[in-house]
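Biologist: Hello! I am new to this structure and would love a close look at a single part of it. Could you take me through the largest pocket and what surrounds it?

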Amino acid sequence: MTTTFIKTGECARIAVPGAGEAAEVLNEALCGAKNVRGKLHWLSAGDRLQAQAPAGGHELVYLMEGDGVISLNGKDYDVKRGAGVYLGPNEAASIRPVDGALKLFHLSVPEVRD
């Protein structure tokens with residue numbers, strides 16, 4: 001297997017209504033990842049990322065920069081850089097900045113059926 005270096009700063013950012021901007025940094029086209037997708041998200045005041053793991057899927061959201069609030073199962077948790085949340089099948093969470101901006105890494109692994 002070869003190693004692929006991805007210059008994430010050069011990945012195209014796409015505006016996501018109500019959820020800031022996002023750029024795919026890990027997928028099959030970029031590096032041959034067949035069963036995983038990774039995105040960077042940039043959230044500003046008023047933005048919120050809604051993460052939902054599908055049935056059989058898994059998600060991980062990691063806070064790279066900033067201070068925020070993760071809402072999980074109806075409860076809010078104050079978080080800062082280095083925090084993250086794992087979502088198993090059918091679980092959901094939302095993440096929003098407290099002050100300023102957030103940078104998040106969002107990893108999605110769908111169910112694989114042989």
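**A walk around the largest pocket**

Modeller: Gladly! Let us begin with the strands, where S5 (residues 58–65) pairs with S10 through seven bridges, the two running in the antiparallel sense. Within that pairing, valine 61 has histidine 106 of S10 standing opposite. Please keep in mind that this is a predicted model.

S10, which covers residues 102–109, has another antiparallel partner in S3, residues 37–43, and seven bridges join S10 and S3. Here arginine 37 faces serine 108 of S10.

Now for the pocket itself. S3, S5 and S10 each give at least two residues to the lining of the largest pocket. The space inside amounts to about 150 Å³. If you would like to find the lining in the view, look for Asn35, Val36, Arg37, Lys39 and His41, then Pro54, His58 and Glu59, and finally His106, Ser108, Val109 and Pro110. Two of these names you have met already as an opposite pair, arginine 37 and serine 108. His106 is also part of the lining, and histidine 106 is the residue opposite valine 61. Sorted by class, the lining has five polar, four nonpolar and three charged residues.

A look beyond the pocket may help you find your way. Arginine 13 sits over the face of tryptophan 42, 3.5 Å from the ring centre. As for aromatic pairs, the structure has zero of them.

There is also an open sheet of four strands, in the order S4-S9-S6-S7, paired antiparallel. Its edges are S4 (49–52) and S7 (75–80), each of which pairs on one side only. On average, neighbouring strands in this sheet are turned by 25° against each other, direction ignored. Inside this order, S6 (residues 67–72) and S9 (residues 92–97) run antiparallel and are joined by five bridges. In that pairing, serine 71 stands opposite serine 94 of S9.

To return to your pocket: S3, S5 and S10 are the strands to follow, each with at least two residues in the lining.

Note on methods:
Residues numbered from 1 in each chain as written. Predicted model: local features only at pLDDT ≥ 70, side-chain atom pairs only at ≥ 80, totals over all residues. Heavy atoms only, no water. Pairing = 2+ DSSP bridges. 1 Å grid on protein atoms, 1.4 Å probe; cavity = no way out; pocket = protein on both sides within 12 Å on 5 of 7 lines; lining within 4 Å. Points joined across faces, edges and corners; volume = space filled by probe spheres on them. Nonpolar A, V, L, I, M, F, W, Y, C, P; charged D, E, K, R; others polar. Phe/Tyr/Trp six-rings, centres within 6.5 Å; stacked < 30°, edge-to-face > 60°. Lys NZ or Arg CZ within 6 Å of the ring centre and 35° of its normal. Axes fitted to C-alpha atoms, helices over the stretch in contact; angles between N-to-C directions.
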